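Please take the model below one region at a time, with the sequence at hand. The paragraphs that follow begin with a pair of helices and then turn to the sheet, a few single residues and the cysteines.

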Amino acid sequence: MTATESAQILAFVLLVIFLAYVLAILVPFLRRRPDREGDADAFTWHAFVPCRDEEVVIGATIERMRSRFPAMHVWVIDDDSDDRSAAIIAERSAIDPHVHLVQRRRPAARTGKGDALNAAYAQLDAWLPAGTDRAAVVVVVVDADGVLAENALRQAAGRHAFGNPATGACQAAVWMSNRDDRDPAGASPGRLGRWWSRYLIRMQDIEFRTTIAAMQCLRGRTLSVGLGGNGQFTRLSALDAIAQGERTPWHGSLLEDYELGVHVMLAGFRNVYLHDTHVEQEALPGTRRLLTQRTRWCQGGMQCARYLLRIFTSPHVTNAGALEASYFLVQPYLQMAGVLLWPTVFVAMVAQGSVSEGSFWAWFAEAWWLLPLVVITGIAPFALWPLIYRRHIGERTGLGTALGWALGYWIYMYQSYVCVPRAFTRILTSRNGWAKTRRNAETDHLFVAKEA
């Protein structure tokens with residue numbers, strides 16, 4: 001067997017696995033039924049809000065959370081900000097006993113989001129009275145610009161979520177708050193720049209509300225739901241169980257949210273996906289910032305692959321959950337293989353046609369079936385999600401626009417061909433630092449300053 005034939009066989013195997021996974025996440029997503037809400041007053045809610053140089057958003061975020069959820073305590077972790085973030089938080093905490101400032105200072109500060117959350121966990125632990133029913137205390141992680149839906153606590157209190165004592169953590173669906181902005185903050189200058197920013201924002205909203213949501217629906221059945229960094233709910237007793245065995249609840253992976261979800265499962269709890277509520281966050285309107293963010297996520301997933309053996313040997317993780325988690329954790333490596341494999345196979349096919357007897361059109365007449373095969377296996381699995389988005393998410397638009405989104409989403413997903421090699425390079429060069437993603441309003445501020 002030649003190297004080309006081996007590459008073609010491997011490409012076929014990877015393609016079959018990918019298509020099977022697309023089908024596996026599509027069916028539960030389309031067949032799911034709404035979840036019932038529960039009594040939010042049965043639990044005590046504490047929001048952890050990591051904050052570093054967030055003066056442009058943190059005041060409004062505190063105000064919004066306190067007005068929307070009056071019984072919730074808000075713990076804002078200032079990670080040694082250089083701006084007025086700490087002052088804004090302190091001013092609010094001085095007049096509102098439900099607002100708490102968790103102050104960190106360098107050199108202990110700015111060592112990652114996980115460390116910041118651990119600091120809030122330690123302060124909450126010291127603040128709670130002795131004898132507190134810690135199974136009835138829920139920690140909610142929200143970004144500094146995050147907007148929790150009004151029904152979020154009721155959904156998290158439902159019988160399918162924390163109403164079930166076996167549930168240790170829940171993850172809300174994620175929407176992009178700036179999805180309909182015609183002139184989004186942080187957009188590139190000029191008409192073409194604004195169009196490109198709107199395109200990136202819409203693609204991110206489609207990605208989170210369809211593809212990622214579908215993955216979570218499958219995980220709901222395999223009991224392997226992944227946690228995110230925004231809209232994450234965790235029972236305090238589950239965090240205690242992790243800290244007892246691992247010293248702290250959160251750890252050093254660049255994907256500390258998914259890593260926490262793994263630890264929740266290993267501790268004997270289950271994770272639940274809350275599709276019928278959501279948290280809103282800003283989509284990134286710039287290519288560079290988006291690729292930086294996704295490279296970090298990819299690298300974090302690769303770091304979490306070290307848990308594969310523990311996942312497979314744990315009595316608390318289902319066989320289906322172990323398989324699903326394995327596919328997710330090895331996906332960056334499969335994508336890296338694809339980065340090398342697909343161009344090789346394509347070049348080999350073109351080369352074969354160029355040396356065949358007869359004209360190019362004679363070769364194409366024999367190999368015409370490759371074109372629909374590429375459409376069905378290479379384009380359709382991505383292009384179908386914007387059409388589902390249009391029909392099932394309630395984003396009503398013309399069919400022409402939806403078809404444009406379908407083509408755009410297929411192109412958008414090629415970001416992995418950039419992010420995966422970058423993540424591999426960072427791993428090989430031991431670059432594991434975590435960099436905060438700048439808010440869109442901050443980007444506008446910097447642009448105006450440069451213009452001035």
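**Two helices and their surroundings**

In this predicted model, helix 6 (residues 191–222) and helix 9 approach each other so that their axes come within 11 Å and cross at roughly 30°. Because angles under 35 degrees count as roughly parallel, helix 6 and helix 9 are described as roughly parallel to each other. The contact between them can be followed residue by residue: on the side of helix 6 the participants are Trp 196, Leu 200, Gln 204, Glu 207 and Phe 208, and on the side of helix 9 they are Thr 287, Leu 290, Arg 294 and Trp 297.

Helix 9 itself covers residues 287–304, and its 18 residues span 26 Å from the first C-alpha to the last, which is close to the 26 Å expected at 1.5 Å a residue. Helix 9 is also mostly covered, since 14 of its 18 residues are buried.

Gln 204 is a useful residue from which to look at this contact, and it belongs to helix 6. Is Gln 204 buried or exposed? With a relative accessibility of 2%, Gln 204 counts as buried, because the cut-off for a buried residue is under 20% relative accessible area. When residues up to four places away in sequence are not counted, Gln 204 touches Met 176, Ala 283, Leu 284, Leu 290, Arg 294 and Tyr 412. For one of these partners, Leu 290, the C-alpha atom is separated from that of Gln 204 by 9.6 Å, although the two residues are 86 residues apart along the chain.

**The sheet**

The protein contains 16 helices and eight strands, and eight strands form an open sheet of mixed pairing in the order 3-2-1-4-7-6-8-5. Strand 3 (99–104) and strand 5 (147–148) stand at the edges, and each has a single partner strand, so one side of each is left without a neighbour in the sheet. Helix 7 (residues 236–246) packs on this sheet, where it touches strand 4 (137–141), strand 6 (167–176) and strand 7 (232–235), and its direction makes about 75° with that of strand 7.

Within helix 7 lies Asp 240, which has a relative accessible area of 18% and is therefore buried. Leaving aside neighbours within four places in sequence, Asp 240 is in contact with Tyr 121 and Arg 134.

The pairings in the sheet can be taken up in turn. Strand 1 (residues 44–51) and strand 2 (residues 73–79) are paired in the parallel sense over six bridges, and Ala 47 has Val 74 of strand 2 as its bridge partner. Strand 6 and strand 8 likewise pair in the parallel sense, over nine bridges, and here the bridge partner of Ala 173 is His 278 in strand 8. Strand 5, by contrast, runs antiparallel to strand 8 and is joined to it by two bridges, with Val 147 standing opposite Glu 280 in strand 8. Strand 8 (residues 270–281) is largely enclosed by the rest of the structure, because 10 of its 12 residues are buried.

**Residues far apart in sequence, and the cysteines**

Across the protein, residues 24 or more positions apart account for 82% of the contacts with a separation of 6 or more, and buried residues make up 52% of the 452 residues. A pair involving the N-terminal part of the numbering can be added here: Val 16, placed in helix 1 (residues 3–31), is 361 residues from Thr 377 in sequence but 9.0 Å from it in space, C-alpha to C-alpha. At 42% relative accessibility, Val 16 counts as partly exposed.

How many disulfides does the structure hold? The structure holds zero disulfides, and for Cys 298 the reason lies in distance, because its sulfur is 7.1 Å from the closest cysteine sulfur, in Cys 419, which is too far for a bond. A disulfide would require a pair of cysteine sulfur atoms within 2.5 Å. Cys 298 is buried, with a relative accessible area of 11%, and Cys 170, at 0% relative accessibility, counts as buried as well.

Terms used:
Residues numbered from 1 in each chain as written. Predicted model: local features only at pLDDT ≥ 70, side-chain atom pairs only at ≥ 80, totals over all residues. Heavy atoms only, no water. Helix = DSSP H or I, 4+ residues; strand = E, 2+ residues; numbered from the N terminus. Expected span 1.5 Å × (residues − 1). Buried < 20%, exposed > 50% of the residue type's maximum accessible area, 1.4 Å probe, protein only. Pairing = 2+ DSSP bridges. Contact = heavy atoms within 4.5 Å. Axes fitted to C-alpha atoms, helices over the stretch in contact; angles between N-to-C directions. Parallel < 35°, antiparallel > 145°, perpendicular 65-115°, else oblique.
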